[in-house]
Amino acid sequence: MAETIHVGHAEEHGHHDHHEMSFLEKYVFPLDHKMIAMQYMFTGMFMALIGGFFAYAFRMQLAFPGMDVPFWGVVTPADYNALVTSHGSVMIFWVAMPVLIAAFGNYLIPLMIGADDMVFPKINRLSYQIFLISAIIIIASFFVEGGAFGGAWTAYPPLSTKAQYSLTPIGSTMWITAVALEFVAFLLGGINFITTAMNSRAPGMKMWDIPMVVWMIVIASILFMLSVGPLLAGGIMMIFDQQLGTAFFDPDRGGDPILWQHLFWFFGHPEVYVVLLPAVGIVAEVMTVFSRKKLFAYKTVLYTAIGTGVLSFTVWAHHQFIAGIDPRMANVFTVTTLLISVPIAEMMFVYIATLYGGKITLTTPMLWALAFVFEFLIGGITGIFLGASGNDIYMHDTYFVLAHFHYTFYPIAIIGTYAGFTFWFPKMFGKMMNDGLGKLHFWLTIIPFNLIFLPLFVLGASGQHRRIYDYTNFPELAQPWQQDLRQLATISLVVMLGAQVIFFYNVIKSWMSGPPAGKNPWNSGTLEWTATSPPPHGNWPEGLPTCYRGPYEYSHPDHDKDYWPQNEPA
Amino acid sequence: MILESLLPAASSYARDIGFLFDLITLLVGVPFLIACYLFFAFIFRFAAKKVDKAMYITGYEHEYMKWIHRAHVPILVFDVIIVIFAVNVWYNVKQNLPEAESTVRVIAQQWAWTFVHPGPDNTLDTADDITTVNELHVAKDTLYHYKLESKDVLHNFSVPVFRLKQDAIPGRVITGWFEPTLAGEYDIQCAEICGIGHGLMPARIHIETPSQHAAWVAENSPFSLAKASAPELEVAER
């Protein structure tokens, strides 16, 4: 059905293209930024289903130890480690990154700055192809001899480098190869995002007229490029250690396993902000539209994002407080870590202040955006517990950490994505989504989400460590109330995963038979809403738009309508 | 207060960490509740039904921006308070190494713990050392140093009732300290993933009164063991 729409479209505007595009050219090897965005979006969503399934399998084992898990079977200790490792890796590298950076970046940047495409369309296509290969490798690692890597997504050596310890001689190399390829893909993507946003803006669009989400994706790409180099080098050293017998991380032969941790977290912590920033950008777009208000202190938001990004390079060792680094270092990293609370708190205040004096409509995208702010606040404040070195001696590697970062990553990767997807769906597919189903999906996702992770804070505070496949071996962790909380978390997870069926049903139903959206269903002021929905190849065949003002001129006193599009002459 | 309600505090510094946890809960909890109140109040107060037209606020106006700036003052003050207490606890537990009354060696490997206790002479690496697997015996109110080693991969020596955690790294000997303050038997967990048996290396710490502990040492020391088992052998022979 979808293909029919697109094919019809291509015929309509066929004379703009050099030649009629074949199916392969249009959908498999496209150069159009929107189609590459869709490839990233749907690959990311598919990987999210896989990552969610992994979570289901190991949470069932934790709630009902030893059970024959439907669709998986009995979860052995080796299975359990492979499942938690792959869940973490997939959700961060193959869901959050492709969806938030690559899909939204590719889709939104040219449309929001008034360009016809990315500046390097072929690099863009290559980026997705490398990413797809990396995704295939990580899934394939489950089917090789020894199974998938089970040394956690942080892959600390010597466990990750020596097959006699990990017992996954092929899986661990496939894991690090897939991760390294994924980095290459996003380096290529990042080059495109930064160059396009800096060079291809519509005439008249000054730096302060760029929509916040574009800024955020650009800053995130810069953070990614600055932080990923050391880890890419570390990844190659790890492959050498595994397969060529070098000893970069081997303490028996003069190497240092802690070196990997520095390389990993020097990337790993900025990575949090790499995925956070696009999500806060999306939330800014959604919140301004549905509160009919200018973004509160645009430049302040931008400065807090840059400030957070710079600080994020100075905090990595808070992941290593008790890892055997010089204990004096912990004092420095405690200070820098707590300092991050200042720009992040400012950013959250500014978002709350944006609501003040607005005219707020609680549509589905707005509910997601508001949920992002609320849930991320919980994620933010619980980080203080862990950044405070003295408390981290106890909390480190417990479920308190796990619950904390799920309260940051879930709002980012899942809530932020749903906010953006439901908001731009009319633009992407030319149809409106069903708002009732959207709200049902929202509540059936957000309530179980909290019921999964709030109990895990309590379990973590009671001393439950991570990555242990059966807590009944530990008398202090085998108390009935703890098992009840584990079951509550698992049942909530099953409910939440089940609720995603509503989302996919809504997408397919609306795509096929939703009411037509028109160009600008939300009365938004940014440029993408001046193109047809969905925009054709080249975005504005009638000529690229010109920009006259900032992106958030809602309810302006000098204008009769409550929005003032960026392309409307004064 | 909060942590103690979930798990006993059994070391000299466990209550300090518990207090730090409570303090952080208070200092982040209050701003969080205020932020939540404003967040929900704005959503309800400025619902589309109740408003004709939204206000036009750039956010740079002093009358609005001052609220953002003022909110930073308590946040910075709270950050400083948390840093002071956190660093204080950290210094006490990890940086400072008080004089030891006894020393134990903790050796982690895939997937078991080996504990070496000093024998009756209270000195490690002598012939009367007592080596056990997966059970550590210590005396209450005695200040111990631990010498933490790993034979293969990273492990983590974690005693939740002590609120203590330290990675074990192959090729290094890491020294730290603890002083048990509560008699009883508690969990030792490995807190760093170490392979497929990571969930299968539970150990127990036995905190005994000094006299009980002395009795355990006397009973298990290799020399006294020889003495103690000799009569039994005679009985068996008869």
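Start by selecting Asn134(B), which sits in the loop between β3 and β4 of chain B. Helices (H or I, at least four residues) and strands (E, at least two) are DSSP runs, numbered from the N terminus. Asn134(B) is not a glycine, yet its phi is positive, at about 60°. Is Asn134(B) buried, exposed or partly exposed? Asn134(B) counts as partly exposed because 13 C-beta neighbours lie inside 10 Å. For that scale, a residue is buried if 20 or more other C-beta atoms lie within 10 Å of its own, exposed if 12 or fewer, and partly exposed in between, with C-beta atoms placed from the backbone.

Before you go on, note that this is a predicted model, where local features need pLDDT of at least 70, side-chain atom pairs count only at pLDDT 80 or more, and totals for chains, interfaces and linings use all residues. Residues are numbered from 1 along each chain as its sequence is written, while chains are lettered from A and ligands numbered from 1 in the order in which they are written.

**A second positive phi**

Now pick Asn122(B), in the loop between β2 and β3 (130–133) of chain B. Phi of Asn122(B) is near 55°, again a positive value in a residue other than glycine. Asn122(B) counts as partly exposed because it has 14 C-beta neighbours inside 10 Å.

**The hairpin and its cis bond**

Step back along the chain to β1 (residues 102–109) and β2 (residues 112–117) of chain B. β1(B) and β2(B) form a hairpin with 2 residues between them. They run antiparallel and are joined by 5 bridges; two strands pair if DSSP finds at least two bridges between them. To see one of the partners, select Arg105(B), whose bridge partner in β2(B) is Val116(B).

Which residue in the loop between β1 and β2 of chain B should you click? Try Trp111(B), which has its place there. The peptide bond from Gln110(B) to Trp111(B) is cis, with omega near -10°.

Next, add β5 (residues 144–150) of chain B to the selection: β1(B) pairs with β5(B) in the parallel sense over 7 bridges. Val104(B) stands opposite Tyr146(B) in β5(B).

**The five-stranded sheet**

Show β4, β10, β9, β6 and β7 of chain B together: in that order, they make an open sheet of 5 strands with mixed pairing. Its edge strands are β4 (135–139) and β7 (164–168) of chain B, each pairing on one side only. From one strand to the next, the twist averages 25°.

At the β7 end, strand β6 (residues 155–159) of chain B runs antiparallel to β7(B), with 5 bridges between them. Select His155(B) and you will find its bridge partner, Ala168(B), in β7(B).

At the β4 end, bring up helix α4 (residues 210–220) of chain B, which lies across β4 and β10 (203–208) of chain B and runs at about 130° to β4(B). Axes here are lines fitted to C-alpha atoms, for helices over the stretch in contact, and angles run from 0 to 180 degrees between N-to-C directions.

**Chain B as a whole**

Zoom out to see chain B, with its 5 helices and 10 strands. Colour domain 1 (2–95) and domain 2 (102–237) separately; the bounds come from an automatic or database domain assignment. Their C-alpha centres lie 41 Å apart. In all, 10 residues of domain 1 are in contact with 14 residues of domain 2, where contact means that the C-beta atoms, placed from the backbone, lie within 7 Å. The domain 1 side divides into 7 nonpolar, 2 polar and 1 charged. In this grouping, Ala, Val, Leu, Ile, Met, Phe, Trp, Tyr, Cys and Pro count as nonpolar, Asp, Glu, Lys and Arg as charged, and the others, Gly among them, as polar.

Along its principal axes, the C-alpha trace of chain B spans about 105 × 40 × 35 Å. Of its 238 residues, 37% count as buried.

**Across to chain A**

Finally, turn on chain A: 81 of its residues are in contact with 77 residues of chain B. Select α12 (341–355) of chain A, which supplies the largest share of the side that touches chain B, 10 residues. That side of chain A divides into 46 nonpolar, 23 polar and 12 charged residues.

For a last stop, go to Pro534(A), in the segment after α17 (480–513) of chain A. The peptide bond from Ser533(A) to Pro534(A) is cis, with omega near -10°.

Definitions and conventions. Two residues are in contact if their C-beta atoms, placed from the backbone, lie within 7 Å.
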